Amino acid sequence: MNVSTVEKNKCFGCGSCFQACPKNAIRMEADSEGFLFPKVDEEKCIDCGLCVKKCPSLSPVNIEKDFVQECYSAVYLADDVCKNSASGGAFASFAINTLKDVGVVFGCAYDDDLNAIHVKIDSLKELSKLQGSKYVSSDTKNTFIETKEILDSGKKVLYSGRPCQITGLLKFLGRQYDNLVTVDLVCHGVPSQLLFSKYLEWLGTKIGGKIIYYSFRDKDAGGWSCGGKFKTKTKTKTMEASCDPYYASFLRGETYRLSCYECPFANAERIGDLSICDFWGVEKFYPEIDTSKGVSGIIVNSGKGKKLLEKCADSFSIKEISLEELKKQNTNLNHPTPMPEKRKTVYKDSLAGGKFTANGIKYASSLEFYLRQTALKYMPKKLKKIIKTVLGEK
């Protein structure tokens, strides 16, 4: 038995099986939608079963925790670091502390072609590579293997990623390491790299130049929000999520990997030592907290996580909060994203002819967005409240 038996809607594409195979009989191969799945070379396979043992879907991880979760809101105090963060800079603080302690940090970065891949950094000057939200499925490459080698050498490692990737890492390692701290993201789900790459080609054609920089959550484009920014060699543009086909369809959950809609990690029982998210709705609970720089939500899930947070505490404006407050507007702490009807056809429609097309993807024009924002600006507060109640918003 090998991982060729795992069903598509159960595979997370974490790469644990590929990195664990002793005969290099597995490679991660993109399907027609661009999502990575293991492909087994049956001639090389020796049926050792190791890939199944390391698969977080076929052999779920079972970690007993005797730590009572703690939750915090946090805003990093240094403006320059916080500006590059999608929310309040929680990950940056953990990374900076690890790097200053002569450790290494793994996280998601873009390569030169804006492919999302997991990489290792060992210096503060590289930190910006790992900051910011990247709403696309990342390839872990050989980082599980690298992590094990570094841990065995005695160095400290901070590894961040989606909870399925953290689970894959832990399955790969097969044992606990005192010098490893894992950080999982409260994840909505991820579109494929193929969709993102084809979208960037479309966007570049539309504005007249190859896209060389892309940020989903750029604070230059509206502060702590869903404003984005992209660049060519000669142009810099900002955007609002609802006015962009890729971004808008992502926020509606239409383009995720199939396993995202059945995600076993989309709940409050977290796999990482620390979990991080945006503390959306913080002003409803703590109006005294300054939200201008963004506010992170931090869930501490282990003693190792607690120890690292305590070492970073002086770098934050921090406040203990409740898990229920975080769960209020972070729905993926409650359940996976429901699969929209549009998911059945969105990849076929948007990648017709091998190129990205915005046809069939609902998104607002810039004029529509401006008119909507203007209407909301001048709408009486009582009317806004009535509309939110009707729409089921809190």
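Me: Let me start with a pocket. Which strands each supply at least two residues of the lining of the second largest pocket?

Reply: Happy to walk you through that, and please keep in mind that this is a predicted model. Rolling a probe the size of a water molecule over the atoms shows where empty space is left. In this structure, the strands that each give at least two lining residues to the second largest pocket are strand 4, strand 8 and strand 9. Strand 8 contributes the most, with three residues.

Me: How much space lies in the second largest pocket, and which residues lie nearest its centre?

Reply: The second largest pocket holds about 450 Å³ of space. Its lining has 24 residues, and those nearest the centre are Ser128, Gln131, Tyr213, Tyr214 and Ser215. By class, the lining comprises six nonpolar, seven polar and 11 charged residues.

Me: Now for enclosed space. How many cavities of 30 Å³ or more does the count give?

Reply: The count gives three cavities of 30 Å³ or more. The largest cavity has a volume of about 150 Å³. It is lined by 19 residues, and Pro163, Cys164, Cys187, Cys260 and Cys263 are the closest to its centre. Sorted by class, this lining has 11 nonpolar, five polar and three charged residues.

Me: Strand 8 came up with the pocket. Where does strand 8 stand in its sheet, and why is one side of it left without a neighbour?

Reply: Start with the strand order: this is an open sheet of three strands, ordered 8-9-10, with antiparallel pairing. Strand 8 (213–215) and strand 10 (236–240) are at the edges; each has a single partner strand, so one side of each has no neighbour in the sheet. On average, neighbouring strands here are turned by 15° against each other, direction ignored. Strand 8 and strand 9 (residues 227–231) run antiparallel and are joined by three bridges. Tyr214 sits opposite Phe230 in strand 9.

Me: Which helix packs on that sheet?

Reply: That is helix 7 (residues 193–207), which touches strand 8, strand 9 and strand 10. The direction of helix 7 makes about 115° with that of strand 8.

Me: What is the strand order in the open sheet of eight strands?

Reply: The order is 5-4-6-7-11-12-3-13, and the pairing is mixed. Strand 5 (116–121) and strand 13 (316–321) are the edge strands, each pairing on one side only. Neighbouring strands of this sheet are turned by 25° against each other on average, with direction ignored. At the strand 5 edge, six bridges tie it to strand 4 (residues 104–110), and the two run antiparallel. For one pair to look up in the model, Ala109 has Ile117 in strand 5 as its bridge partner.

Me: Which strands does helix 6 lie across?

Reply: Helix 6 (residues 163–173) lies across strand 5, strand 6 (157–161) and strand 7 (180–185). Relative to strand 7, helix 6 runs at about 150°.

Me: Last one: how do I read a helix pair, and at what angle do helix 4 and helix 10 pack?

Reply: Two packed helices are described by the angle between their axes and the distance between the axes. Here, helix 4 (residues 90–100) and helix 10 (residues 303–312) pack at an angle of about 90°, and their axes are 10 Å apart. Helix 4 is therefore roughly perpendicular to helix 10. At the contact, Ser93, Phe94 and Asn97 of helix 4 meet Leu308, Leu309, Lys311 and Cys312 of helix 10. Those contact residues divide into four nonpolar, two polar and one charged.

Note on methods: Residues numbered from 1 in each chain as written. Predicted model: local features only at pLDDT ≥ 70, side-chain atom pairs only at ≥ 80, totals over all residues. Heavy atoms only, no water. 1 Å grid on protein atoms, 1.4 Å probe; cavity = no way out; pocket = protein on both sides within 12 Å on 5 of 7 lines; lining within 4 Å. Points joined across faces, edges and corners; volume = space filled by probe spheres on them. Nonpolar A, V, L, I, M, F, W, Y, C, P; charged D, E, K, R; others polar. Axes fitted to C-alpha atoms, helices over the stretch in contact; angles between N-to-C directions. Helix = DSSP H or I, 4+ residues; strand = E, 2+ residues; numbered from the N terminus. Parallel < 35°, antiparallel > 145°, perpendicular 65-115°, else oblique. Contact = heavy atoms within 4.5 Å. Pairing = 2+ DSSP bridges.
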